[in-house]
Amino acid sequence: MERIILSLFGLIVICQVHAAQPFAGMVTDTNGHSISYATVVLLHDGAQAAGATTDSLGHFILSALPGTYTLQLRHLSYLPAEYAVTVRKSVPSSEVFRMNDLQVEVKEIVVSASSIIRKADRFVVTVSRNPSLAYNFSAGKSFKNKQLERVSTEQRNRLKREE
C-alpha cells in the first residue's frame, strides 16, 4: 500500500514538473542597456511562484505553470517595476522588460581633520568636529593610494601633547 501511495505521489510531482513552462526575458534600462544581476520574481495571487537573477547580459529564465502572473523587477540602481505577464502552455516566450533609473542626489561631502601626521607607511588623521578645519573632497583633493588610520581619543590626546 505504501509503495502505491509513494508511486502516485512521485507521478504527480513528475507531471507537475513537466507541466511547468519556461518563461525567459531580458531586463534593460530606458536606454536599452542590459541590467545585470537584477532580481526577477513571478507572483501568483501575491505568492512567489518562481524567482531568478539576471545574468551579466540582463537575461533570465523562469519556470512556471501556465497562467497569469505579476513579474516584479528589483535592482539597487533602478526603481522597482511590475508587469502583468502570461505564461502559455507549449509557447516559449521571451520579452524585454524596462526599468527606470533611480534618481539620487548626493550633497557635498565634507571630512574634517584636526591634524594629519605622515608616518613612513601611512597617514594618520585625527578627526575633529571643528568645521573650520574641514577638508573638501569636492575640490578635487584626495589621498590617493594612502591608508587613513582611525585614531582613538587617547591617541589624539597623546599626539596633541607631542605637538
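Select Leu43 and Gln48: in β3, Gln48 is the bridge partner of Leu43. Strands are DSSP runs of E of at least two residues, and helices are runs of H or I of at least four residues, both numbered from the N terminus. Strands β2 (39-44) and β3 (47-53) run antiparallel and are joined by six bridges; two strands pair if DSSP finds at least two bridges between them.

This is a predicted model, in which local features need pLDDT of at least 70 and side-chain atom pairs count only at pLDDT 80 or more, while totals for chains, interfaces and linings use all residues. Residues are numbered from 1 along each chain as its sequence is written, and side-chain values use heavy atoms, with hydrogens and water left out.

**The turn after β2**

Move to Asp45, in the loop between β2 and β3. The hairpin of these strands has two residues between them, and Asp45 takes a positive phi near 55° there. Most residues other than glycine have a negative phi. Asp45 is exposed, at a relative accessible area of 74%; exposed means over 50% relative accessible area, buried under 20%, and partly exposed in between, with a 1.4 Å probe and protein chains only.

**The other end and the other partner of β2**

Next select Tyr37, in the loop between β1 and β2. Its phi is also positive, near 60°, in a residue other than glycine. With a relative accessible area of 56%, Tyr37 is exposed.

Then display β2 with strand β5 (residues 67-75): five bridges join the two, which run antiparallel. Val41 is a suitable residue to centre on, as it stands opposite Gln72 in β5.

**The aromatic cluster**

Select Phe23, Phe60, Tyr83 and Phe97, which ring pairs link into a cluster. A search of the whole structure finds four aromatic pairs. Rings of Phe, Tyr and Trp (its six-membered ring) pair if their centres lie within 6.5 Å; planes under 30 degrees apart count as stacked, over 60 as edge-to-face and the rest as tilted.

Phe23 and Phe60 form a tilted pair, with 6.4 Å from centre to centre and 45° between the planes. Phe23 belongs to strand β1 (residues 21-29) and Phe60 to strand β4 (residues 59-64), so the pair ties together parts that are 37 residues apart in sequence. Both Phe23 and Phe60 are buried.

**From Gln21 to Lys89**

Stay in strand β1 and select Gln21. Is Gln21 buried or exposed? At 12% relative accessibility, Gln21 counts as buried. Leaving aside neighbours within four places in sequence, its contacts include Leu62, Ser63, Ala64, Pro66 and Lys89; contact means heavy atoms within 4.5 Å.

Follow the contact to Lys89, in the loop between β6 (78-87) and β7. Lys89 counts as exposed, at 62% relative accessibility. Which residues does Lys89 contact, leaving aside its neighbours within four places in sequence? They are Gln21 and Pro66. A distance label between the C-alpha atoms of Lys89 and Pro66 should read 5.5 Å, although the two residues are 23 apart along the chain.

**The nonpolar patch**

Switch to a surface representation and select Leu79, Leu102, Val104, Val106, Ile109 and Val111, which make a nonpolar surface patch of about 540 Å². Patches are made of residues with over 30% relative accessible area and no salt bridge, with like charges joined within 9 Å and nonpolar side chains (Val, Leu, Ile, Met, Phe, Trp, Tyr) within 5 Å. A salt bridge is a side-chain nitrogen of Lys or Arg within 4 Å of a carboxyl oxygen of Asp or Glu.

Within this patch, Val104 is found in the loop between β7 (93-99) and β8 (110-112), and Val106 is found in the loop between β7 and β8 as well. Val104 is exposed, with a relative accessible area of 62%, and Val106 is exposed, with a value of 65%. The C-alpha atoms of Val104 and Ser77 are separated by 9.1 Å, and these residues are 27 apart along the chain.

**The whole chain**

Finally, zoom out and colour by secondary structure: the chain has two helices and 12 strands. From the N terminus on, the elements run α-β-β-β-β-β-β-β-β-β-β-β-β-α. Of the 163 residues, 25% count as buried. Among contacts between residues at least 6 apart in sequence, 51% join residues at least 24 apart. The chain exposes about 12100 Å², of which carbon and sulfur atoms supply 54%; accessible areas come from the Shrake-Rupley method with a 1.4 Å probe, and for residues only the protein chains shown count as cover.
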